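Biologist: I would like to learn how to read a structure like this one. Where do we start?

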Amino acid sequence: MSLCIQTSPCSGLRGSCVVPGDKSISHRAAILGSIADGISRVSNFLPGADCLATVAVMRSLDVAIEVNTDGDLVVHGVGLHGLRAPSAPLDCANSGTTMRLMAGLLSGQEFSSQLTGTPQLLGRPMSRVVNPLFKMGAHIESTEGKGPLSIQGIEPGNPGLKGIRYAMPVASAQLKSCLLLAGLYADGPSTILEIGPSRDHTERMLSAMGASIVRDTDRVVITPPDAGLAPFNMAVPGDMSSAAFLLTAGAIVPGSEITIGNVGVNPTRFGIVSALNQMGAAIDITNPRDVGGEPVADLRVGHSTLSSATFGGDSIVAMIDELPVLAVAATQAHGTTVIRDARELRVKETDRIACTAAELNRLGARITPLEDGMAIEGPTPLRGTEVKSHGDHRLAMLLTIAGLVATGRTNVQKTEVTADSFPGFEACLTDLGAPIQVVRT
Ligand code: S3P
């Protein structure tokens, strides 16, 4: 059984909504709560498939975690040295964040483990984490640079992990977080040099838990704690990556005016708002506040006349997951929008350069895939037809948004994956007045 979203032309999205909790922060809350000394309570946890895979992995390491569908999570932290050997390979499902962050955490343990997942996950590059962990002295083996990953426990009495100084070859928060987690178990400080300002949720949470994290513009230094890490209470902000679909829809669907409440506006995640603003979208940021160490605000967007823009360099990492939906906005903007320096899009859940270009072009878009990005001509009238998600949640959602400005009917196939990051996506759009229907196929 599979789901299909059918869309028709939309005459305007109106009203207020909230988006589910941030995926990156939810993963980190489950992992860091597990190694805290005591009980952490988290509200608005994202109960999507990827974050639930992290919860299942932590449970297999003997951590008691309660989670309900409203997003209340209670993690009974066992401390830095309280995890126990799993009885079977740890299933990361389709989640790259789970596999990469857990590779770091498990490299510092005294027991052996194996990380595995879906064929889609096992096709993604893992040498980026394996190489530096190996330098730290971890006994970790990949399968030709990919998962499954086998991690041999550090035998009591043998030297553990060594602190390193490591210049990351890619701007990746998953790699940085993997090394910070391994750094908690090292014999001294580790310095991680970044080539771009990737999301910093791990640093913020570890600091709040009492870890020694020193940050500069291009580096993070972590010193292993003498004592344990403090548990926390937190409310996860709404996910900017989910809000991006609504921001784009609000900007391109004529007659729209919507407010998205409680969105995380951490500067390392703000790229999509800046990019849409640069293209001429009217986005107001109201009610800014701090929630548990993360900046949060309400975002109001209205239909706008958009112009093309060029994006590259350091701005890319702050909107890496939002670039495919930015391409939808670009199909409706005047001029040719160019996105460069985004090669990482090729190794996400799918090759998001190839798949975004191919599927949007089926709707009549004029997108040229580039080795490290896309060139998108606009404004281009889109025509409804059948398109597919390739099993990628972000592709399913961006095609739905494109369908709202396409003539006739758009059928987006295999949309059950929207729940990976945005459970309730379809209901949220319907509440705002989008003419969409979900049918079983
Ligand atoms: C994430 C980091 C990014 C992002 C992913 C979530 C994280 O991946 O694309 O959706 O939670 O750290 P990379 O670190 O591979 O760029």
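Biologist: How far is an oxygen atom of the ligand from an N or O atom in the side chain of Arg28?

Modeller: A polar contact is a pair of N or O atoms within 3.5 Å. For the side chain of Arg28, the distance to a ligand oxygen is 2.6 Å. The side chain of Ser172 places an N or O atom 2.7 Å from a ligand oxygen, and at Ala173 a backbone N or O atom lies 3.0 Å from one. The protein covers 94% of the 380 Å² of accessible area (Shrake-Rupley method, 1.4 Å probe) that the ligand has on its own.

Biologist: How should I take these numbers?

Modeller: This is a predicted model, where local features need pLDDT of at least 70 and side-chain atom pairs pLDDT 80 or more, while totals for chains, interfaces and linings use all residues. Residues are numbered from 1 along each chain as its sequence is written, and side-chain values use heavy atoms, without hydrogens or water.

Biologist: Which residues are around the ligand?

Modeller: A residue counts if one of its heavy atoms lies within 4 Å of the ligand. Among them are Ser24, Arg100, Gln174, Asp321 and Lys348. The shell divides into three nonpolar residues (such as Ala or Ile), four polar and five charged (Asp, Glu, Lys or Arg). Helices H1 (23–34), H3 (96–107) and H5 (173–183) each supply at least two shell residues; helices are DSSP runs of at least four residues, strands of at least two.

Biologist: Where are the cis peptide bonds, and what is omega there?

Modeller: Most peptide bonds are trans. Here a cis bond joins Gly147 and Pro148, with omega about -10°, and Pro148 sits in strand S9 (residues 146–152). Another cis bond runs from Gly378 to Pro379, with omega near -5°. Pro379 belongs to the loop between strands S21 (373–378) and S22 (382–383).

Biologist: Is the phi of His390 positive or negative?

Modeller: Most residues other than glycine have a negative phi. His390 has a positive phi, about 55°, although it is not a glycine. His390 is in the loop between strand S23 (386–388) and helix H11 (393–404).

Definitions and conventions. A polar contact is a pair of N or O atoms within 3.5 Å; within protein, one must be able to donate a hydrogen and the other to accept it, and residues adjacent in sequence count only if both atoms are side-chain atoms.
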